[in-house]
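Me: Please put the model up, then explain the terms applied to it.

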Amino acid sequence: MQPKRTELAKVQEDGKPFPSSTVLQRQEKPALTHRLPARLTENRTGQSLGLRSRFAAALVSASGAETGHGLVLLLVPVMMGLGAGLFYMAPVNPPILPLAVGFLSFLLMTLITRAGRPKLACAAGLTAAVFAGSLAATVELRGVGPLLDSDVTTEVTGLVEARDFDAGGRVRYLIRLAGTADPLIRRPPRRVRLVARSPHSPLPVGSLISGRARLSAPSGPVLPGGYDFAFGAFVDGIGAHGFFYRAPRAVPAASANPRLVETARLQLRQLREHVSARIRSLLPGDPGGIGAALTVSDRRGISQATVEALRATGLAHILAISGLHMALAAGTLFVGLRMALALFPGLVEAWPVKKAAAIGAMLTATAYLLISGGSVPTLRAWIMLMVMLVAVLADRPALTMRNVALAAILIILISPSAVVGPGFQMSFAATAALISAYAALTGRKRKQEPGMSSAHRFLKPPEWLARIVRGMIGLAITSLVAGLATGLFSAHHFNRVAGNGLLANMLAMPLVTFVVMPSGLVAMLTMPFGLDAWPLQLMGLGLRGVVAVARYVHGLGGDLLVGQLPMRATVAAGAGFIVLVMLRSRLRIAGIALIAAGAVLALPPLAPRAPDILVSEDGRLIGLNTPDGLASNAARPSEFTFRQWQTALRGPQHLPPVTYSTALIATSTEPETQAAHEMQAEILDPLIAAAADQPSRFQCASRGVCAAIYKQATIIAIDRAELIGPACDRADLVIVAIPVYMSACRSGATLVTSRSLRRSGALAIRIVAADQPAPPPGIGASAATRVASQAVRRSSGIGARRRAPRKHPVFDIEAALEGVVRPWTVQRYYDWRTQSYDLPQ
């Protein structure tokens, strides 16, 4: 007879008693985080479980291990960022009431279930974080001024809030508008940025300025999926940009008592200008421009060649005051002050000098924030540093993932729009990756045997050499980890990756860390006493070395253009990065799989096909993405738009149009009659014939009248209303760069006008299918012969030939802003004639 299980529990097979239940609990509890206990790998009969059951058991064990590391807190800023991102990506403004109800409901669910059902409480809390991010974005958009709806020339008057100078010496004013005249703008923006190109004495900050100016509305994305510059201008509160026709003049200000906050802000801006002028006077050229950028965030005076070299080598981050500069400035004072106080043993024994040094570092970082202008990246860096220094005051570790999460939560609450920008993503990605990497390396080092053999002691290098080697290895690891972490977001936002970024950072960052920033800090501290000359000269030497490194590495090549990445690839790789950085168990392997999936989604055939035709948002610039290059209808296209097109398409060369003289292509000078229109329409026939001889290239009578044939599709670009009908009869795609109310071609051709582009934004067109229409007569002749024959035929009184109906290709048209009605796009639907909005249904 078998004994009962309760009796078997007292005696093992070898006769030794089982340990007590308390001992069992102590032995099995750590096993969950390292290995699977036998109860999860064996069934009741003692047989081993299958592979699926083992995988499920391992998943449960790893999940239990992650719960103990505070993963929920780390996921809160991720979910808040997700909520803010979804809010900004929505085509229309989500109503605030459902967002508030959803946030309060899930927050209440979290509080109710946290005691009895912790898993449900975690899920509800993370969902509430999503609603919290959306609510913060809703609050941020309230109270922001409107954007200019259309370009206008007017007389502006306003208060100079800030000014800077570009590389050419031109003054750029940030003006808070007080009024407009001749004409009066009925929806005036609150602030505008205007360039004064005429020589004049720059007006100081705080003065009233007036002048005749050309105001332009902020542009949208240059292509679908690109960065929306109107959104950035809207968040910054700048409703228009432009230039003064003549030198602006000062206006006597009426006597008023400005508010204390406004006075302090103007005084800080004047102080920034004084510091920038002082640095430039002692450090001319690129070192002075970079020095001013590092101290007061003033980038004027840096040559375009240096900016391009820094960007191509991955060193452009030194131009923006970020967490690196804030940490170097505050860290230098923290270490220096702590070492200085350590010289007095009695003071060290009586007072916590570490906390005193931390307070000094906090004051330094705050002063750095104020004098640099308080931009969003600088504010983000300041918040992150404050969280870490507060942790030092509380005797807690400073560099932890929890501190990074707390800093991210505060930034999302203050400025949720930063979530969709490259600065926020790249800075937090680099910080989180470095903390995770060094935590892994430290854990591996602790697991190594502490003992050392006699052979190891004999081969041990000197201490000074070991420190140098460790410093170089640490710098290499830092540059590699930060470069890999930010590479994804750099590729998504800028369509490029610095191939030699590791080499450039290893050569330049020691100069920035040990020469540039410490000497700059000393210069700022001694500038009020007039003792800043030698620290600034030392800072200039370091900056000259940085520029030399950037130009040398840039000469080696390695700047990789990856083109425009699909959103799904970025989302998959970004999710994989979060998993890889935040998890500590073997579940982080899933992050590598997600990153690999994102890379696969960015490659053909899963990646979307590149567009065949690109159209700017005003219809004046058109590009054909041909195998030989990017053909445009402008000999000198807009550099702002065309360079971004080239970067998104992996750098194709520019193919300018073939332009014919107006004498060769005769036009009619007769009165506006039907015959005159038919004779003017004959301009298009020789252009189409020339395009058939030289496909994939624009043939232009002028910039406003061009034709091209690409993939058997005929494209005509015009800026003359009388040519719309003839163009519709002859082409498959007609692009009109003037606002007309005509919305479709009767012939069935696709019509795009400046009026439709104002609402849809830039277009990316793919030719899905194309029939082979019969070629027009005279293709075998040369272009000049055909043009001459057309002129002779017109002079002989022969009318336009009747064209047979034709089948048109199928175009897949992707619009940048189609159906998007948000505060930064609603001005596209405003009609100044009726003073109302013509919103889509």
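Me: Why is strand S3 (residues 191-196) called largely enclosed by the rest of the structure?

Reply: First, the basis: this is a predicted model, where local features need pLDDT of at least 70, side-chain atom pairs count only at pLDDT 80 or more, and totals for chains, interfaces and linings use all residues. Residues are numbered from 1 along each chain as its sequence is written, and side-chain values use heavy atoms, with hydrogens and water left out. Buried means under 20% relative accessible area, exposed over 50%, and partly exposed in between (1.4 Å probe, protein chains only). Five of the six residues of S3 are buried, so the strand is largely enclosed.

Me: What makes S3 a partner of strand S2 (residues 171-181)?

Reply: Two strands pair if DSSP finds at least two bridges between them; strands themselves are DSSP runs of E, at least two residues, and helices are runs of H or I, at least four, numbered from the N terminus. Six bridges join S2 to S3, and the two run antiparallel, so the criterion of at least two is met. Leucine 174 stands opposite arginine 193 in S3.

Me: Which way does S3 run relative to strand S5 (residues 240-244)?

Reply: Parallel, with five bridges joining S3 to S5. Valine 192 has alanine 240 in S5 as its bridge partner.

Me: What makes S13 (658-659) and S18 (750-753) edge strands?

Reply: The open sheet has six strands in the order S13-S14-S15-S16-S17-S18, with mixed pairing. S13 and S18 each pair on one side only.

Me: How is helix H27 (residues 684-693) placed on that sheet?

Reply: H27 packs on the sheet and touches S14, S15 and S16 (713-718), where contact means heavy atoms within 4.5 Å. Its direction makes about 35° with that of S15; axes are lines fitted to C-alpha atoms, for helices over the stretch in contact, and angles run from 0 to 180 degrees between N-to-C directions.

Me: Where does the peptide bond from aspartate 182 to proline 183 stand, cis or trans?

Reply: It is cis, with omega about 0°. Proline 183 sits in the loop between S2 and S3.

Me: Why is glutamine 835 called partly exposed?

Reply: The relative accessible area of glutamine 835 is 43%. That value falls between the two cut-offs, so glutamine 835 is partly exposed. Glutamine 835 also has a positive phi of about 55° although it is not a glycine, and lies in the loop between S21 (830-831) and S22 (836-837).
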